[in-house]
Amino acid sequence: MQVTHETDADKWRWIMRTGWKGLCPRCGKGNMFKSWLKVTDRCETCGLDYRFAAPDDGPAFFSLCFFALPPIAFLVWLQAVYEPSVWVHLVTSVPLMLLFCLLPLRPIKGWLVASQYVNRSQEAGTGKLWDNLHGRQSTSEHNSNFDD
């Protein structure tokens, strides 16, 4: 099943729906992940090959920049104003930072993988290289690495 996107708003909604829920960006039904952060090799529903997925350090970057900054600001304020002992930080800071840094990783990774698929993202000029690496015959200069 091929999903088409009429407008940029449709693309955005599809990326958010499938990515944040960890669903296949092609069919919207299969699971994108085989474990917490490990992207599956293939969609069990439509057979999408996830070799194109390369979110790299993006999930950690977005998690730290957008989700971890508010608790960091709170914890710095807590330390500056009250100067609590180490045990207070062990009880508050460590769980708070784990919660805000680790929990958002999976939805963010799903969002990035879905964005890569919907927007056909790949590095410029790497089509032939990917074909060679994966043992595929290159049929044209603009060969896509997506299984459509």
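In this predicted model, the residue Y50 touches a wide set of partners beyond its neighbours within four places in sequence, namely C24, P25, N31, M32, V39, T40, D41, R42, C43 and V113. Y50 also belongs to the largest nonpolar core, which has 18 residues, and it is named there together with M32 and L48 as a residue with the most contacts inside that core. The helices α1 (8–21) and α5 (105–118) each supply at least two residues of this core, and α5 gives the most to it, with seven residues. Such a grouping fits a general tendency, since in soluble globular proteins nonpolar side chains tend to be buried together.

A residue of α1 that can be described in the same terms is T18, which is found in that helix. T18 counts as buried because its relative accessibility is 0%, and a residue is called buried when this value is under 20%. Leaving aside neighbours within four places in sequence, T18 is in contact with L23, C24, P25, G28, M32 and A114. Among these partners of T18 are C24, P25 and M32, which also appear in the list of residues in contact with Y50.

The cysteines were examined next. A search of the whole structure finds zero disulfides. C27 is in no disulfide, and the nearest cysteine sulfur, which belongs to C43, is 3.8 Å away; this distance does not satisfy the definition of a disulfide, because the two sulfur atoms would have to be within 2.5 Å. C46 is likewise in no disulfide, the nearest cysteine sulfur being that of C24, at 3.6 Å. With regard to accessibility, C27 counts as buried at 6%, whereas C46, at 23%, counts as partly exposed.

Charged side chains also pair in this model, and the count comes to four salt bridges. One of them joins K34 to D41, with the closest N and O atoms 3.7 Å apart. In this pair, K34 is partly exposed, with a relative accessible area of 47%, while D41 counts as exposed at 52% relative accessibility; the two values receive separate labels because the cut-off for an exposed residue is over 50%. A further salt bridge is formed by D49 with R42, where the closest N and O atoms are 3.8 Å apart, and the side chain of D49 also meets that of R51 in a salt bridge with an N to O distance of 2.7 Å. R42, D49 and R51 are thereby linked in a network of salt bridges. Within this network D49 counts as buried, at 7% relative accessibility, whereas R42 is partly exposed, with a relative accessible area of 46%, and R51 is also partly exposed, with a value of 37%.

Attention then turned to the way in which individual helices are placed. In helix α2 (residues 58–67), the residues G58, P59 and S63 are buried. They cover an arc of only 125 degrees around the helix axis, and therefore lie on the same side of α2. What covers the buried residues of α2 includes α4 (86–102) and α5. A60 is found in the same helix, α2, but is partly exposed, with a relative accessible area of 37%. Although A60 and R106 are 46 residues apart in sequence, their C-alpha atoms are 9.9 Å apart in space.

Helix α3 (residues 69–82) has 14 residues and reaches 20 Å from its first C-alpha to its last, which is close to the 20 Å expected at 1.5 Å a residue. In α3, the residues P71, L75 and L78 are buried. These three cover an arc of only 55 degrees around the axis, so they lie on the same side of α3. The spacing can be understood from the geometry of the helix, because an α-helix has 3.6 residues a turn, so residues three or four places apart point the same way. The face of α3 turned away from its buried side carries the exposed residues V76 and A80. What covers the buried residues of α3 includes α2 and α4. Just after α3, E83 takes a positive phi of about 45 degrees.

Technical notes: Residues numbered from 1 in each chain as written. Predicted model: local features only at pLDDT ≥ 70, side-chain atom pairs only at ≥ 80, totals over all residues. Heavy atoms only, no water. Core = buried A, V, L, I, M, F, W, Y, C linked by side-chain atoms within 4.5 Å. Buried < 20%, exposed > 50% of the residue type's maximum accessible area, 1.4 Å probe, protein only. Helix = DSSP H or I, 4+ residues; strand = E, 2+ residues; numbered from the N terminus. Contact = heavy atoms within 4.5 Å. Arc of directions from axis to C-beta. Expected span 1.5 Å × (residues − 1).
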